[in-house]
Structures are given as structure tokens and as C-alpha cells.
Amino acid sequence: MSGASYAVPAGNPFAGGGGGRAEIWAMGLRNPWRFSFDANGLLYIADVGQGQREEVNAVPTASAGLNYGWDRLEGTACVGATPCDPAGLTAPVFEYSHDGGGCAIVGGYVYRGAALPELQGRYFYTDLCTGKLASFLYRDGAVSERVDWPVTASGSVYSFGTDAAQELYVLADPGTSSTSGKVYRVQRAP
């Protein structure tokens with residue numbers, strides 16, 4: 001809306017002035033490609049790397065002012081300043097290299113639907129280049145049970161979504177035209 005005013009939350013790290021724009025909530029993210037809030041109070045941020053690694057950060061929603069390390073680190077790999085000192089930076093909870101053909105993470109959601117109770121609490125994501133659906137559990141500060149699901153969306157996956165029942169959807173473009181996108185619902189095979 002043109003001319004509409006907005007307010008900067010008092011909890012932003014520079015809301016009181018000095019050091020940066022008042023609107024800044026976090027620093028050191030290269031290209032966050034989708035973020036989502038989970039019912040457990042965590043913010044998941046998928047951050048696209050430059051040429052080596054892709055990462056996921058998971059932090060409490062009240063964690064304003066964290067620095068995730070870009071342009072000194074790509075995931076946990078040093079890419080910037082020499083010597084590379086990660087002191088004071090927030091490390092990702094999960095990362096992967098481009099060795100398996102990945103090139104750009106596409107962040108998703110933690111599954112909180114009821115149709116597939118065995119998936120409860122799993123964070124789903126994909127990669128733009130592989131299109132493979134993957135997930136992991138993040139509990140008590142640690143990632144476990146990483147799974148590459150035996151499905152690949154036709155074309156490139158660009159985003160995820162959830163419905164009112166918290167069921168998970170995947171948005172993909174098979175690449176044949178600008179109007180040929182598909183929405184897939186994550187569900188049990190018939």
C-alpha cells in the first residue's frame with residue numbers, strides 16, 4: 001500500500017540505532033531461499049550457498065541479531081577472510097555439499113499434519129538441481145534421521161506450502177512453459 005507506515009520491532013538488534021538499519025533482524029545470510037516458522041517456536045532458514053555448500057539454520061524466533069557467517073563461511077567451510085575465525089557466528093544445524101549434484105537448497109516446512117503421523121517433526125527440503133525430496137529431524141540441538149525420499153518431482157521444485165490441516169505440498173515447474181507448474185501433495189502411495 002503506497003505511503004503506508006510500518007513499525008520496526010523493538011527487539012531488532014539495531015532498533016535503537018547504530019550499527020545497521022533498524023529493519024535488520026539477522027546478518028550473514030547469503031541467499032535465504034524460503035524460511036518457515038514451526039509450531040515448536042523455531043525459525044528454519046534455508047540459505048543457498050555460493051559454490052560449495054547449502055545450509056539450514058534453526059533458531060528460536062526470539063534470536064534476533066545472530067550472524068550466520070556469510071561472507072566468511074559457506075555452511076561451515078571457510079570462503080572469506082584469512083585466517084577464518086568462526087567465533088561469534090551461528091553455525092548451521094545442517095549442511096550438505098554440492099558433491100551429489102546439488103546446487104541450491106529450497107527450504108520447506110516441518111511436517112505437522114495428521115495424515116502421516118510417522119513424519120511428525122521432520123523438516124522437508126529439496127534442491128533446485130536434483131529435485132529430490134529430503135528431510136531430517138531436529139531435536140535437542142541435533143539433526144538425526146536424514147532421509148532422501150525415493151521420489152523426485154518432475155522438473156524443478158521452487159517452493160513448499162501447507163494447508164489449514166498442516167499437510168505438506170510441493171510446487172514444481174516441469175519447465176515446458178511458464179504456465180505448466182504443478183502442485184504435489186505429500187501423501188502415502190496408493
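Which hand does the link of C103 and C129 have, left or right? With 90° about the S-S bond, this link is right-handed. The cysteines concerned belong to a predicted model, and the confidence of that model is considered before the remaining features.

The protein chain has an average pLDDT of 90. A score of at least 70 is reached by 93% of the residues. Among the elements compared in the protein chain, confidence is highest in strand β2, residues 42-47, with a mean of 98. Confidence is lowest in strand β13, residues 182-185, with a mean of 88. Where pLDDT is low, predicted coordinates should not be read in detail.

A search of the whole structure returned 2 disulfides. Counted along the chain, the bonded cysteines follow the pattern 1-2, 3-4. One disulfide joins C78 to C84, with an S to S distance of 2.2 Å. The angle about its S-S bond is -85°, and the link of C78 and C84 is left-handed. C78 has a relative accessibility of 44%, so this residue counts as partly exposed. C84 is also assigned as partly exposed, because its relative accessibility is 23% and the buried class requires a value under 20%.

The other disulfide joins C103 to C129, at an S to S distance of 1.8 Å. C103 lies in the loop between β6 (94-97) and β7 (105-110). C129 lies in the loop between β8 (122-127) and β9 (132-139). The pair therefore ties together parts that are 26 residues apart in sequence. C103 has 26% relative accessibility and counts as partly exposed. C129, at 48%, is likewise partly exposed, because the exposed class requires a value over 50%.

Strand β6, which precedes the loop holding C103, also takes part in a sheet. This open sheet is formed by 4 strands in the order β1-β2-β3-β6, and the pairing is antiparallel. β1 (32-37) and β6 are the edge strands, each pairing on one side only. From one strand to the next, the twist averages 10°. β2, the strand of highest confidence, stands between β1 and β3 in the sheet order.

At the β6 edge, the pairing partner is strand β3, residues 53-60. β3 and β6 pair in the antiparallel sense over 4 bridges. Within this pairing, R53 has S97 of β6 as its bridge partner.

Definitions and conventions. Residues are numbered from 1 along each chain as its sequence is written. This is a predicted model: local features need pLDDT of at least 70, side-chain atom pairs count only at pLDDT 80 or more; totals for chains, interfaces and linings use all residues. Side-chain values use heavy atoms; hydrogens and water are left out. pLDDT is the predictor's confidence in each residue, from 0 to 100. Helices (H or I, at least four residues) and strands (E, at least two) are DSSP runs, numbered from the N terminus. A disulfide is a pair of cysteine sulfur atoms within 2.5 Å. Buried means under 20% relative accessible area, exposed over 50%, partly exposed in between (1.4 Å probe, protein chains only). Two strands pair if DSSP finds at least two bridges between them. Axes are lines fitted to C-alpha atoms, for helices over the stretch in contact, and angles run from 0 to 180 degrees between N-to-C directions.
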